[in-house]
Amino acid sequence: MFPKSKLRCIKCKKEFNSDEVIYVCRSCGSLLEVVIEPPKVSLEDMADRPLGVWRYEEFLPVEEGSEIVTLREGGTPLYRCDRLAKWAGVKRLYIKYEGANPTGSFKDRGMTLGVTKAKSLGSKAVACASTGNTSASLSAYAARAGLTCYVLLPAEKVAMGKLAQALMHGAKVISVKGNFDDALKLVMELSVKMEIYLLNSVNPWRLEGQKTLAFEVIDQLGHVPEFVAVPMGNCGNISAIWKGFREFKSAGIIDRLPRMFGVQAEGAAPVINMLRKNLETLVPLSNPETLATAIRIGNPVNWPKAVMAIKESNGLYESVSDDEIVEAQRVIATLEGIGVEPASAASVAGVKRAVSKGMLGKKDEVVCVCTGHLLKDPEEVIKVCGRPVEIPPDLLAVSKALSGK
Ligand code: F0G
């Protein structure tokens, strides 16, 4: 049974019906969130269902009788990583590996909800701006649903794997000569003007799918982790995960909450800057820069929700350099066999940095959310690892090359 829901402004608290196509409060322009009645359900009640987004249907606000658009998202592994814990300097470290989703990133959790919603509202076309993963995911789910899909990408700053996905799934792909923030502004205007359903994370229904990551962590770990580290770009995911933990607590499934740890790349860290300086509002960056192109964002729309998640949870925040990101990406791959894209490695790099500053240590347990698959950005891999040596096809050359002579 799906729960009944409504939309509520996070600032002025004005409420709207769940069938209204709005992305921000009509009264004050602030972000909206979906509100559901906490269901009366236990983990045992749901235990026979496959692990994945729809296992938690009592928490997922879609219309009764909706045609669910799914590619079997979620149900991703939670790996215990002892070598990585030692490297970072914490007691326990787990990776929630979102690269194992159907299109290789956590976005699929949101798109199954978002595209199901688009269908039940009767939309014929969907759209997003994207640093890559959102567009890869939306184009796949739109194809699955038989909807037209438009995506606006920042020119030359989208990793090859992600671009390949959007193109092959048949989206109309447009390169904008500007950054992600420019593309998002455009697509928000476009969606209102042309009545195309917008599926960026400003759309609160998408976050309803993404919150299931928190549910799975509780199911897989068997207890509430102390810290959950999340890379932040447009700041939807950390907000969604925090909402998930809060809802499990309201439903009486857990009795305490984790502390959220938000991590940004140094060159694209407007939220971290704001928190460090204790500012009331975000100062957008006009030229965000990082090799982790997925989180190359200077004006994240969901910053108020992310700041709330960090503050309410008595959480942590930190920025990490591109070198730290690449080092963490390599260590995750070589010590644990888990292949993640650069933005994903920011969560692990953040833990190491926090240990070096004494914010985390030998007593702590952290779940790091690794948001996307290594193969999303093959060009970055070649850039940081180099190309393999080339040899003529003979045995002597092979043995020379193997012995490094
Ligand atoms: N990690 C990856 C791999 C991402 O693709 C993104 C966001 C994030 C982390 C940050 O998540 O925006 O919810 O804070 N990618 C978006 C996109 C912006 O267009 O694919 P967030």
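A polar contact here means a pair of N or O atoms within 3.5 Å. Keep that cut-off in mind as we walk through this model, which is a predicted one.

Let's start with the ligand. A backbone N or O atom of Gly233 comes to 2.8 Å from one of the ligand's oxygen atoms, so that pair falls inside the 3.5 Å limit. Asn237 also joins in through its backbone, with a polar atom 2.8 Å from an oxygen atom of the ligand. Lys107 uses its side chain instead: an N or O atom there is 2.9 Å from a ligand nitrogen. As for how much of the ligand is covered, it has 470 Å² of accessible area on its own, and the protein covers 99% of that.

So where does the ligand sit? You'll find it in the largest cavity. Two elements each give two or more residues to the shell around it, namely α4 (133–145) and α9 (236–250). The ligand has 20 residues around it, and Ser130, Thr131, Asn234, Cys235 and Thr371 are the closest. If you sort the shell by character, you get ten polar residues, eight nonpolar and two charged.

Now zoom out to the whole protein. Its fold is built with 15 helices and 13 strands. Along the principal axes, the C-alpha atoms fill a box of roughly 70 × 50 × 45 Å. What radius of gyration does the protein have? It comes out at 21 Å, which agrees with a compact globule, because one with 405 residues would have a value near 22 Å.

Terms used
Residues are numbered from 1 along each chain as its sequence is written. This is a predicted model: local features need pLDDT of at least 70, side-chain atom pairs count only at pLDDT 80 or more; totals for chains, interfaces and linings use all residues. Side-chain values use heavy atoms; hydrogens and water are left out. A residue is near a molecule or strand if one of its heavy atoms lies within 4 Å of it. A polar contact is a pair of N or O atoms within 3.5 Å; within protein, one must be able to donate a hydrogen and the other to accept it, and residues adjacent in sequence count only if both atoms are side-chain atoms. Accessible areas come from the Shrake-Rupley method with a 1.4 Å probe; for residues, only the protein chains shown count as cover. On a 1 Å grid over the protein atoms alone, a cavity is a set of points where a 1.4 Å probe fits but cannot get out, and a pocket is an open set with protein on both sides within 12 Å along at least five of seven lines; lining residues have an atom within 4 Å of a point. A molecule sits in a cavity or pocket if more than half of its atoms lie within 2 Å of its grid points. Helices (H or I, at least four residues) and strands (E, at least two) are DSSP runs, numbered from the N terminus. Ala, Val, Leu, Ile, Met, Phe, Trp, Tyr, Cys and Pro count as nonpolar, Asp, Glu, Lys and Arg as charged, and the others, Gly among them, as polar. The radius of gyration is taken over C-alpha atoms; the globule rule is 2.2 Å times the number of residues to the power 0.38.
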